[in-house]
Amino acid sequence: MQKIPDSIGSKYRFIIVAAERAKQLQNNARPKIKTRSTKPAYIAMKELEQDLLAFEIHTPVEPTGKL
């Protein structure tokens, strides 16, 4: 298991953010770290461990019931 930084908060968020970053890497985004690995998921987790990625947490909006 990877070390989860305190800034992320939970292992579930870690996985979600890493998965989104891995998708970006698969679509030819440049890695922010140097590594021998070519696996997008591994690179994304390492970038998260080193706090190299910025992300936002959106809170869900409650419906008011009116149309």
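Me: Helices (H or I, at least four residues) and strands (E, at least two) are DSSP runs, numbered from the N terminus. With that in mind, where does E47 lie?

Reply: E47 lies in helix 2. Please note that this is a predicted model, in which local features need pLDDT of at least 70 and side-chain atom pairs count only at pLDDT 80 or more, while totals for chains, interfaces and linings use all residues. Residues are numbered from 1 along each chain as its sequence is written, and side-chain values use heavy atoms, with hydrogens and water left out.

Me: How many helices and how many strands does the protein have?

Reply: The secondary structure consists of 2 helices and 0 strands.

Me: Is E47 buried or exposed?

Reply: The terms rest on relative accessible area: buried is under 20%, exposed is over 50%, and partly exposed is in between (1.4 Å probe, protein chains only). E47 has a relative accessible area of 0%, so the residue is buried.

Me: Which residues is E47 in contact with, leaving aside its neighbours within four places in sequence?

Reply: A contact means heavy atoms within 4.5 Å. With those neighbours left aside, E47 is in contact with R21, P31, K32, I33, L52 and L53.

Me: Which other residues of helix 2 are buried, and what covers them?

Reply: Besides E47, the buried residues of helix 2 are I43, A44, M45 and L48. What covers the buried residues of this helix includes helix 1.

Me: Which residues make up the largest nonpolar core?

Reply: A nonpolar core is a set of buried Ala, Val, Leu, Ile, Met, Phe, Trp, Tyr and Cys residues joined through side-chain atoms within 4.5 Å. In soluble globular proteins, nonpolar side chains tend to be buried together. Here the largest such core has 12 residues in all: I8, F14, V17, A18, A22, L25, I33, I43, A44, M45, L48 and L53. Two or more of its residues come from each of helix 1 (11–26) and helix 2 (40–49). Helix 1 gives the most, with 5 residues. One core residue, A18, is in contact with A44, M45 and L48, its neighbours within four places in sequence being left aside.

Me: Where is P31, and what does this residue touch?

Reply: P31 is in the loop between helix 1 and helix 2. Its relative accessible area is 42%, so P31 is partly exposed. Not counting residues up to four places away in sequence, P31 touches R21, L25, I43 and E47. The C-alpha atoms of P31 and K3, 28 residues apart along the chain, are separated by 19 Å.

Me: Is Q26 of helix 1 buried or exposed?

Reply: Q26 has a relative accessible area of 57%, so this residue is exposed. Its C-alpha atom is separated by 22 Å from that of I4, with the two residues 22 places apart along the chain.

Me: What is the phi of N28 and of D51?

Reply: Although N28 is not a glycine, its phi is positive, about 75°. N28 is found in the loop between helix 1 and helix 2 and, at 70% relative accessibility, counts as exposed. D51 is not a glycine either, yet has a positive phi of about 55°. D51 lies in the segment after helix 2 and, at 48% relative accessibility, counts as partly exposed.

Me: What radius of gyration does the protein have, and how should one read this value?

Reply: The radius of gyration is taken over C-alpha atoms, and the globule rule is 2.2 Å times the number of residues to the power 0.38. For 67 residues, a compact globule would have a radius near 11 Å, but the protein has 15 Å. Its C-alpha atoms fill a box of roughly 55 × 25 × 15 Å along the principal axes. Of its 67 residues, 22% count as buried. Among contacts with a separation of 6 or more, 38% join residues 24 or more positions apart.
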